[in-house]
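Could you walk me through this structure, stop by stop? I have it open in a viewer and would like to know what to select next and what is there.

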Amino acid sequence: MMTSIFDFLATNSFMVLAALVLDRWLGEPKSWHPLIWFGRWVDLCRKHTQLPLDASSARQRMVGVLAWLIAVLPWLLILWVLFWLLPNLLDVILSILILYFAIGWQSLREHALAIYLPLSAVSPSSEMTTEEAAEKLNEARLAVSYIVSRDTQNLDESAVAKAGIESVLENGSDAVFAPIFWFVLLGAPGALLYRLANTLDAMWGYKTESLLYFGWFAARFDDVLNYLPARLVVYTYAACGHWRAAIRSARRPSARWKSPNAGPVMAAGAGALGVQLGGEAPYFGKIETRPILGEGEMPRPKHLKEAIWLVDKSVYLWGLVICLLI
């Protein structure tokens, strides 16, 4: 029994490293990613299950749970059937591919670098004209608009860097470390369950009038799945940066402002980098005042590059620990 458990964990460690190498080498498929097809399936599930808004909140929540199950369970069942039918070697290959599609390390790096490169060119020491600098800043604003929900068209250099850093730190946990955590724990079904649940949260987990109750379960279930990985990421960011500042920042009450998971992760990352995140940000035409996360100086373009490197170092650390302990 113990031998089979050790064999399972050893195989999992190999598959994690293989999936990370594959992701870094190939990046994320742009036009045929399975999550695009899953998103269409999710839209159909919502279209055919959601009740009118005048239905009671309890009924809307029950239907939201049912819609979530319809959206997710068939794919887990298909995976189970494939594992039952395929020989061991193909099982391993399939598992590597599932984790490869579940993580977004290289995609996160590409999005962040698309912000950093034009932003870093806008500096007092550059020989750019005012028009050229404004064009580069607009390029960085456009790039950051693809990964954040706030208004970006009027952000200055520091605000663009701050938005990019916040997204890198938060998505490092959601798009990289949480899928790995559940893969190591439960194999490919764990990674698939996490990625599908996280996608449903991204599509249904908003507190709008139409999704407040229907998407309640999707949001709460994603919080549950992210709870343990997020705590590990807090300590990982701390270990790869300024330890004391990261831990202090993650333990402050202000770190709970956004969610039980994203707040501590961003606060720890900010402390590890020695910057202040949060504060004022424009959302949907109005300024939202958020608590300050982290400690240190105001974000600059160089800190965005350091945030990318912080996530990279954290991935290498996880890979090393997985190899040594499993």
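Here is a tour of a predicted model, with a selection to make at each stop.

**Stop 1: the second largest pocket**

Start with P34, W75, I98, F101 and L192, which lie nearest the centre of the second largest pocket. Show them as sticks, then widen the selection: 18 residues line this pocket in total, and its volume is about 510 Å³. To see where the lining comes from, colour α2 (34-49), α3 (57-85), α4 (88-102) and α8 (188-204), the elements that each give two or more residues to it. Which of them gives the largest share of the lining? That is α4, with 5 residues. If you colour the lining by class, you will find 16 nonpolar residues, 1 polar residue and 1 charged residue.

**Stop 2: T199 in α8**

Stay with α8 and select T199, which lies in this helix. Is T199 buried or exposed? Its relative accessible area is 13%, so T199 counts as buried. Now look for the backbone oxygen of R195: the side chain of T199 reaches it at 2.8 Å. Beyond its neighbours up to four places away in sequence, T199 touches L35 and F38.

**Stop 3: the hairpin of β1 and β2**

Next, select residues 276-283, which form strand β1, and residues 286-294, which form strand β2. The two strands run antiparallel and are joined by 8 bridges. To check the register, pick Q276 and look across to G294 in β2, which stands opposite. Then go to the turn, where 2 residues sit between the strands and F284 takes a positive phi near 50°. Why is β1 described as largely enclosed by the rest of the structure? Because 6 of its 8 residues are buried.

**Stop 4: R150 and its partners**

Now move to the loop between α6 (130-145) and α7 (157-186), where you will find R150. Although R150 sits in a loop, its relative accessibility is 9%, so R150 counts as buried. Display its side chain together with those of two partners. One polar contact, of 2.6 Å, joins the side chains of R150 and E166, and another, of 3.4 Å, joins those of R150 and Y283. Setting aside neighbours within four places in sequence, the contacts of R150 are A163, E166, A281, P282, Y283 and R290.

**Stop 5: E166 in α7**

Follow the contact from R150 across to E166, whose place is in helix α7. With 3% relative accessibility, E166 counts as buried. Add R290 to the display: its side chain and that of E166 are joined by a polar contact of 3.1 Å. Apart from residues up to four places away in sequence, E166 touches R150, M266, L277, G278 and R290. To get a sense of scale, draw a distance from E166 to R59: the C-alpha atoms are 36 Å apart in space, and the two residues are 107 apart in sequence.

**Stop 6: the buried residues of α10**

Select residues 243-251 to bring up helix α10, and pick out A245, A246, I247, S249 and A250, which are buried. What do these buried residues pack against? Show α9 (216-239), α11 (262-273) and β2 and you have the answer. You have already met β2 as the antiparallel partner of β1.

**Stop 7: V311 in α12**

Finish in helix α12, residues 301-325, by selecting V311. V311 has a relative accessibility of 2% and therefore counts as buried. Now add G172 and draw the C-alpha to C-alpha distance: V311 and G172 are 6.3 Å apart in space, with their positions 139 residues apart in sequence. To complete the view, show W105, V168, F177 and Y237, which V311 contacts when its neighbours within four places in sequence are left aside.

Notes. Residues are numbered from 1 along each chain as its sequence is written. This is a predicted model: local features need pLDDT of at least 70, side-chain atom pairs count only at pLDDT 80 or more; totals for chains, interfaces and linings use all residues. Side-chain values use heavy atoms; hydrogens and water are left out. On a 1 Å grid over the protein atoms alone, a cavity is a set of points where a 1.4 Å probe fits but cannot get out, and a pocket is an open set with protein on both sides within 12 Å along at least five of seven lines; lining residues have an atom within 4 Å of a point. Grid points are joined across faces, edges and corners, and a volume is the space filled by probe spheres set on the points. Helices (H or I, at least four residues) and strands (E, at least two) are DSSP runs, numbered from the N terminus. Ala, Val, Leu, Ile, Met, Phe, Trp, Tyr, Cys and Pro count as nonpolar, Asp, Glu, Lys and Arg as charged, and the others, Gly among them, as polar. Buried means under 20% relative accessible area, exposed over 50%, partly exposed in between (1.4 Å probe, protein chains only). A polar contact is a pair of N or O atoms within 3.5 Å; within protein, one must be able to donate a hydrogen and the other to accept it, and residues adjacent in sequence count only if both atoms are side-chain atoms. Contact means heavy atoms within 4.5 Å. Two strands pair if DSSP finds at least two bridges between them.
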